[in-house]
Amino acid sequence: MSLNTLFLRLEGHMQAWGDQQSKFVVRRTAEAPTKSGILGMLCAAMGVSRPEAVNELPRLRTLNMGVRIDKPGIRWWDYHTVGAGMQMRIADGKTKLGAMLTRREYLCDASFLAALQGEPDIIDELIKALEDPKWTLYLGRKSCPPSRPMLELPAYEFPDLLSALRSIPWCRRLKSDDPPPYVDCSNFAAVKPVHKLKSDDPPPYVDCLLDWRPTHEEPEAPNDALIWYDVPLTFEPPSHSARFVIRRRLLVGTDGEIAYEKTPVQSKTPPQPRPRANYQNTEYKRQRIKRLDNDCHLCVFCKSPATTVQHITYRRAGGNESIDDLRTLCRLCHDAVTMLEYGLGMGMDRINPEEPQWRD
């Protein structure tokens with residue numbers, strides 16, 4: 001039998017899988033493990049450094065990846081300090097030595113089942129590397145160690161990713177008083193974890209995020225396909241390309257068995273598009289200059305010299321902004337306002353830094 005599918009159990013107290021939204025001082029996490037994060041973890045297991053990965057990634061990118069979201073976890077924010085003794089600007093326009101503060105998002109108590117499908121020789125090589133990893137493996141960030149063996153399930157042969165993810169029963173997260181996880185693989189078609197579900201009831205369904213690639217029968221991506229910019233080209237410097245991802249929903253039985261695929265609804269209804277900022281738009285640039293001139297190129301919050309503007313509402317973003325939709329801010333205050341907005345989960349209408357309630 002040629003084993004073409006590798007399973008990874010990704011479970012821990014905290015996980016963080018950065019995507020294209022994880023930039024600068026605000027570092028968000030994707031809802032599920034990214035391809036960049038998984039391939040980076042495989043490189044760590046094989047002892048491939050970040051500069052050397054440019055030679056290994058072309059082979060690893062041939063793997064198809066699917067992730068089953070067994071437990072989505074709770075989103076949680078924390079702040080981190082980066083560096084020390086850096087020249088940091090403060091509100092009065094001066095600088096002082098200090099560390100850069102960043103705001104980072106995590107998934108708490110999440111559990112994912114990832115399936116990697118490819119040529120049997122690659123799968124076999126990855127299994128050996130994961131059984132005896134060269135470097136420590138972690139769930140996206142070094143502060144996120146796994147709480148469960150990643151290779152608790154055996155590799156097997158499946159025709160596609162969805163069949164692979166449907167074959168494994170849903171299993172609750174391990175607790176501190178549980179015996180070590182173990183599965184009886186003598187009959188893979190009926191794999192069941194030895195530990196019982198206890199008081200944790202299975203969810204009614206689980207979502208799966210699957211790689212989509214063109215085939216002869218389906219040469220074009222379906223209308224509900226998502227675009228994730230997480231296919232690593234290099235790790236140093238970080239560079240990524242896009243992939244198509246489709247979402248499929250599976251029903252879960254009361255005993256944890258994956259009963260069948262829910263039909264006809266197979267994916268989330270895409271959200272209604274909302275206006276988004278277009279910083280290259282000519283009309284936006286015109287309004288931006290007007291706002292800066294109106295505020296004498298000074299931050300409306302701290303009165304430092306400023307070259308940036310802040311949207312206080314996105315209702316007319318994309319080229320229809322008026323001068324009243326913008327406020328002039330220095331870079332320090334702009335980053336602080338952005339972190340507050342992300343932390344508060346604000347939508348169309350954002351912080352007006354001129355309002356007294358935001359001064360503290």
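Student: Let's start with Asp-211. Leaving aside neighbours within four places in sequence, which residues is Asp-211 in contact with?

Tutor: This is a predicted model, so we're reading computed geometry throughout. Once neighbours within four places are set aside, Asp-211 is in contact with Lys-35, Leu-63, Asn-64, Met-65, Leu-161, Arg-243 and Phe-244. Asp-211 itself is found in strand β6, which covers residues 205–212.

Student: Is Asp-211 buried or exposed?

Tutor: The idea is to compare the relative accessible area with a cut-off: under 20% counts as buried. Asp-211 comes out at 11%, so it's buried.

Student: What does the side chain of Asp-211 make a polar contact with?

Tutor: With the side chain of Lys-35, at 2.6 Å. There's a backbone partner to look at too: the nitrogen of Met-65 lies 2.9 Å from a polar atom of the Asp-211 side chain.

Student: Now the nonpolar core. How many residues does the largest one have, and which have the most contacts inside it?

Tutor: It has 43 residues, and those with the most contacts inside it are Leu-8, Leu-10, Ile-38, Leu-42 and Phe-112. The elements giving two or more residues to this core are β1 (5–15), α1 (35–46), α2 (53–60), β3 (64–71), β5 (95–117), α3 (120–131) and β7 (226–235). The largest share, 7 residues, comes from α1.

Student: Say I click on Leu-42. What is it in contact with, leaving aside neighbours within four places in sequence?

Tutor: You'd find Leu-63, Leu-116, Leu-126 and Leu-130. Apart from this core lies another one, of 20 residues, and among them are Phe-158, Ala-164, Leu-165 and Val-206.

Student: On to the strands. How do I read the pairing around β5?

Tutor: For each partner strand, check the sense of the pairing, count the bridges, then pick one residue pair to anchor your view. β1 and β5 pair in the antiparallel sense over 10 bridges, and Thr-5 stands opposite Gln-117 in β5. β3 and β5 are antiparallel as well, over 7 bridges; there, Lys-71 has Ser-111 as its bridge partner in β5.

Student: How many bridges join β4 to β5?

Tutor: Strand β4, residues 74–89, is joined to β5 by 13 bridges, and the two run antiparallel. For an anchor, use Thr-81, whose bridge partner in β5 is Leu-101.

Student: And do β2 and β5 pair in the parallel or antiparallel sense?

Tutor: Parallel, over 2 bridges. Val-26 stands opposite Arg-103 in β5.

Student: What about a helix? Why does the length of α6 agree with what it should be?

Tutor: Take the rise of 1.5 Å a residue: the 14 residues of α6 (331–344) should span 20 Å, and the end C-alpha atoms are 20 Å apart, so the two agree. If you're coding the check yourself, multiply the rise by one less than the number of residues.

Student: Which residues of α6 are buried?

Tutor: Start with the general picture: an α-helix has 3.6 residues a turn, so residues three or four places apart point the same way. In α6 the buried residues are Cys-333, His-334, Val-337, Thr-338, Met-339 and Glu-341. They pack against β2 (26–27), β5, β10 (308–311) and β11 (326–329). After α6 comes Gly-345, whose phi is positive, near 65°.

Student: Which residues have a positive phi although they're not glycines?

Tutor: Asp-109 is one, with a phi of about 55°. It's found in strand β5 and is partly exposed, with a relative accessible area of 31%. Cys-296 also has a positive phi of about 55° without being a glycine. Cys-296 sits in the loop between α5 (282–294) and β10, and it's exposed at 56% relative accessible area.

Student: And omega? Where is there a cis peptide bond?

Tutor: Check for omega about 0°: here a cis bond joins Glu-236 and Pro-237. Pro-237 is in the loop between β7 and β8 (238–252).

Student: Last one, the overall numbers. How many helices and strands are there?

Tutor: The secondary structure comes to 6 helices and 11 strands. Of the 360 residues in the protein, 44% are buried. The protein exposes about 19300 Å², with carbon and sulfur atoms supplying 53% of it. For contacts between residues at least 6 apart in sequence, 73% join residues at least 24 apart.

Notes:
Residues are numbered from 1 along each chain as its sequence is written. This is a predicted model: local features need pLDDT of at least 70, side-chain atom pairs count only at pLDDT 80 or more; totals for chains, interfaces and linings use all residues. Side-chain values use heavy atoms; hydrogens and water are left out. A nonpolar core is a set of buried Ala, Val, Leu, Ile, Met, Phe, Trp, Tyr and Cys residues joined through side-chain atoms within 4.5 Å. Buried means under 20% relative accessible area, exposed over 50%, partly exposed in between (1.4 Å probe, protein chains only). Helices (H or I, at least four residues) and strands (E, at least two) are DSSP runs, numbered from the N terminus. Contact means heavy atoms within 4.5 Å. A polar contact is a pair of N or O atoms within 3.5 Å; within protein, one must be able to donate a hydrogen and the other to accept it, and residues adjacent in sequence count only if both atoms are side-chain atoms. Accessible areas come from the Shrake-Rupley method with a 1.4 Å probe; for residues, only the protein chains shown count as cover. Two strands pair if DSSP finds at least two bridges between them.
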